[in-house]
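Here are my notes for anyone opening this one up for the first time. Have the model on screen while you read, and go through the points in order.

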Amino acid sequence: MTDFREQRAAVKFCFLLGKSGTETLEMLKTAYKDDAMGKTQVFEWLSRFKNGEMSIDDKLRSGRPSMARTHENVEKIREIIKEDRRRTIEEIVELSGVTWSSVHPEMIKTFFLFPRMKRDMKGKCFADVAGVKEKTTEVLSSISKDEFRQCFEKWNKRLDKCISVSGEYFEED
């Protein structure tokens, strides 16, 4: 799971320097690339600092700790998706025995490739389905083995996050 404490400290630093939310977000994207905090998170932390909350730690949450986040469940879900990445959440729930609230839709964003595909294909016009398939193949072929590995690692981190929040909403870009 990604620890954003370092980035929160950077947001606090930018706040203390009087940087705007947009400036802060751009600096984080420059420094952390794809691992940068999302816009909503940056503005939320800036708001906290403006309100005098100067800690970079998450607020404590009440409630029962998640029972679904075990190494065994993470591995079980990982294997189910590895067998067939097109499975629905319902199928994953049924096959894994892990409750619906523990299987977040973000887990299914296979290896973070869809944002890459969208970026590389955005604004392009295609005459037919064959053109779309050709461009898709071209984009996927341009991705190195190392990038695929990094995508898989990010997907694993997102999987852990989805399980740790017990189906609660969270936002990460």
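**Notes on the model**

1. Let's begin at a loop. Lys 33 sits in the loop that links α2 and α3. Its phi is positive, about 50°, even though Lys 33 is not a glycine. Buried or exposed, then, for Lys 33? It counts as exposed, at 57% relative accessibility. Keep in mind throughout that this is a predicted model.

2. Now zoom out to the whole chain. The protein chain has eight helices and zero strands, so in sequence order the pattern simply reads α-α-α-α-α-α-α-α. Of its 173 residues, 33% are buried. The chain exposes about 11,500 Å², and carbon and sulfur atoms supply 53% of that area. Among contacts with a separation of 6 or more, 59% are between residues 24 or more positions apart.

3. Which residues form the largest nonpolar core? There are 11 of them: Phe 4, Val 11, Leu 25, Leu 28, Ala 36, Met 37, Val 42, Trp 45, Leu 46, Phe 49 and Ile 56. Two elements, α2 (21–32) and α3 (39–50), each give two or more residues to this core. The largest share, four residues, comes from α3. Another core, of nine residues, lies apart from this one, and includes Ile 77, Ile 80, Ile 81 and Leu 159.

4. Val 42 is a handy place to look at the largest core from the inside, as one of its members. Setting aside neighbours within four places in sequence, Val 42 is in contact with Val 11, Gly 21, Thr 24, Leu 25, Leu 28 and Met 37. Of these, Val 11, Leu 25, Leu 28 and Met 37 are themselves listed in the core.

5. Next, have a look at Gln 7 in helix α1 (residues 5–16). Gln 7 is buried, because its relative accessible area is 5% and the cut-off for buried is under 20%. What does the side chain of Gln 7 reach? It comes to 2.7 Å from the backbone nitrogen of Met 37. Not counting residues up to four places away in sequence, Gln 7 touches Leu 28, Tyr 32, Asp 35, Ala 36 and Met 37. Leu 28, Ala 36 and Met 37 also appear in the largest nonpolar core.

6. Phe 13 lies in helix α1 too. You might pause at this one: Phe 13 is exposed, with a relative accessible area of 52%. Between the C-alpha atoms of Phe 13 and Thr 24 there are 9.4 Å, and the two residues are 11 apart along the chain.

7. Last stop, helix α7. It runs over residues 129–141, has 13 residues and reaches 18 Å from its first C-alpha to its last, close to the 18 Å expected at 1.5 Å a residue. Gly 131, Lys 135 and Val 139 are the buried residues to pick out here. Why do they end up on the same side of α7? They cover an arc of only 70° around the axis, which puts them there together. Turn the helix round, and the face directed away from that buried side carries the exposed residues Val 129, Lys 133, Glu 134 and Ser 141.

Definitions and conventions
Residues numbered from 1 in each chain as written. Predicted model: local features only at pLDDT ≥ 70, side-chain atom pairs only at ≥ 80, totals over all residues. Heavy atoms only, no water. Core = buried A, V, L, I, M, F, W, Y, C linked by side-chain atoms within 4.5 Å. Buried < 20%, exposed > 50% of the residue type's maximum accessible area, 1.4 Å probe, protein only. Contact = heavy atoms within 4.5 Å. Expected span 1.5 Å × (residues − 1). Arc of directions from axis to C-beta. Polar contact = N/O pair within 3.5 Å; in protein donor to acceptor, adjacent residues only side chain to side chain. Areas by Shrake-Rupley, 256 points an atom, 1.4 Å probe, with all protein chains shown as cover.
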